[in-house]
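Trainee: I should like to go through the reasoning behind the labels attached to this structure. May we set each value against its cut-off?

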Amino acid sequence: MSFERRLLGISLLGMLFFGTIDALRSIATPMIQTDLQLNYWQISLAFTAGSVGYLTGSFAGGLVVDRTGLKTATLVGAAASGAGIFIYLMFKSPLPFIAGFVIAGFGNGVFEIGLNGAVPAVVASAKDRTRYFNWLHGFYGLGATGLPLIGARALSTGEWRSGYWAELAFLGSIAAMAALLRYGKLTPGGQESVPTSGTLSRSRSRLPMSYLLISLLAAIGAYVMAEVGFSTWSPTYLVEVRGLSIAEASYYLSGFFSSSRRAG
């Protein structure tokens with residue numbers, strides 16, 4: 001198998017990991033609240049702190065990639081993510097739980113930059129890059145949709161940590177594959193840049209493009225907030241208010257991720 005295929009395979013598995021762990025967080029929330037005796041404010045604070053950590057990690061990941069390459073970003077991100085997961089699995093109190101989410105969120109941000117950067121690093125044409133990014137998006141959806149279906153019965157026992165231990169093992173296997181692959185100092189800028197049309201001067205295109213970019217970022221931000229908020233809290237609502245079992249709530253979550261991935 002060629003280097004490019006192995007590298008892209010690692011990225012696909014990484015996005016599968018992100019999909020499964022996001023779905024797991026949603027399903028496990030009612031069990032986490034009961035086990036750790038967390039109120040809604042505390043668990044919301046943990047999730048918000050994790051999101052802030054993720055945004056910080058995304059910015060930091062770009063710096064790591066520029067300075068040391070994709071492999072370092074991938075391994076550092078995986079290590080930080082694994083450390084954060086380990087912390088909130090081992091300690092049964094709110095503060096370590098929140099701290100673990102911050103660390104895991106930061107690691108996820110760096111890790112995802114390392115994974116996504118593989119596409120522009122080894123794929124030359126814009127058309128092929130779009131196709132591979134769609135594959136990455138699809139593998140996230142596959143994990144987010146499949147985890148509730150596969151793990152619903154196992155999680156219905158109330159032992160939420162077992163799912164996270166499995167995620168930790170999955171993450172470790174991806175990191176091991178990345179560690180064994182020789183990246184060199186590969187960065188997303190390793191390929192020639194995609195040629196752009198020169199019909200518009202920079203002075204003309206800069207101002208309207210800035211408004212378009214801001215509008216696009218705002219729209220993406222609103223969409224992601226709505227999707228994450230609904231997916232995170234819908235199982236808790238279905239269990240606590242509607243009286244469904246964890247397994248039944250998981251099936252609803254799977255349906256939501258399936259429809260949202262198609263719409264996205």
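Mentor: Let us begin with accessibility: a residue is buried under 20% relative accessible area, exposed over 50%, and partly exposed in between. Please bear in mind that this is a predicted model.

Trainee: What makes E159 partly exposed?

Mentor: The relative accessibility of E159 is 38%, which lies between the two cut-offs, so the residue counts as partly exposed. E159 sits in the loop between helix 6 (126-155) and helix 7 (161-180). Its C-alpha is 9.0 Å from that of D35, although 124 residues separate E159 and D35 in sequence.

Trainee: Why is Q37 called exposed?

Mentor: Q37 has a relative accessible area of 62%, and the label is given over 50%, so Q37 is exposed. This residue belongs to the loop between helix 1 and helix 2. Its phi is near 55°, a positive value in a residue other than glycine.

Trainee: Turning to the rings, how many aromatic pairs does the structure contain?

Mentor: A search of the whole structure gives 15 aromatic pairs. In one of them, F3 and Y183 are 6.4 Å apart, centre to centre, with 85° between the planes.

Trainee: What makes the pair of F3 and Y183 edge-to-face?

Mentor: Two cut-offs apply: ring centres must lie within 6.5 Å, and planes over 60 degrees apart count as edge-to-face. The values of 6.4 Å and 85° for F3 and Y183 meet both. F3 lies in helix 1 (residues 3-36) and Y183 in the loop between helix 7 and helix 8 (202-240), so the pair ties together parts that are 180 residues apart in sequence.

Trainee: How do you know whether F3 and Y183 are buried or partly exposed?

Mentor: F3 has 21% relative accessibility and therefore counts as partly exposed. Y183, at 8%, is under the 20% limit and so counts as buried.

Trainee: Why is the pair of Y88 and F101 described as stacked?

Mentor: The ring centres of Y88 and F101 are 4.6 Å apart and their planes are at 20°, so the pair is stacked, the limit for that label being under 30 degrees. Y88 in helix 3 (residues 70-90) and F101 in helix 4 (residues 94-116) are 13 residues apart. Both residues are buried. Ring pairs also place Y88 and F101 in a cluster with Y40, F47, F97, W160, Y164 and W233.

Trainee: What places R25 over the face of F47?

Mentor: The distance from R25 to the ring centre of F47 is 5.4 Å, and the distance cut-off is within 6 Å. R131 likewise lies over the face of Y132, at 4.8 Å from the ring centre.

Trainee: Why is helix 1 called roughly antiparallel to helix 7?

Mentor: The axes of helix 1 and helix 7 come within 9 Å and cross at roughly 160°. Angles over 145 degrees count as roughly antiparallel, so helix 1 and helix 7 receive that label. Their crossing is left-handed. Among the residues that meet are I10, L13 and F17 in helix 1, and Y164, F170 and L171 in helix 7.

Trainee: What makes helix 2 and helix 3 oblique to each other?

Mentor: Helix 2 (residues 40-68) and helix 3 pack at about 140°, with their axes 7 Å apart. That angle is not over 145 degrees, nor does it fall in the parallel or perpendicular ranges, and the two helices are therefore oblique. G61, V64, V65 and T68 of helix 2 make the contact with L70, T72 and A73 of helix 3.

Notes: Residues are numbered from 1 along each chain as its sequence is written. This is a predicted model: local features need pLDDT of at least 70, side-chain atom pairs count only at pLDDT 80 or more; totals for chains, interfaces and linings use all residues. Side-chain values use heavy atoms; hydrogens and water are left out. Helices (H or I, at least four residues) and strands (E, at least two) are DSSP runs, numbered from the N terminus. Buried means under 20% relative accessible area, exposed over 50%, partly exposed in between (1.4 Å probe, protein chains only). Rings of Phe, Tyr and Trp (its six-membered ring) pair if their centres lie within 6.5 Å; planes under 30 degrees apart count as stacked, over 60 as edge-to-face and the rest as tilted. A charge sits over a ring if NZ of Lys or CZ of Arg is within 6 Å of the ring centre and within 35 degrees of the ring normal. Axes are lines fitted to C-alpha atoms, for helices over the stretch in contact, and angles run from 0 to 180 degrees between N-to-C directions. Angles under 35 degrees count as roughly parallel, over 145 as roughly antiparallel, 65 to 115 as roughly perpendicular and the rest as oblique. A crossing is left-handed if the near helix is turned anticlockwise from the far one by less than a right angle, and right-handed if clockwise. Contact means heavy atoms within 4.5 Å.
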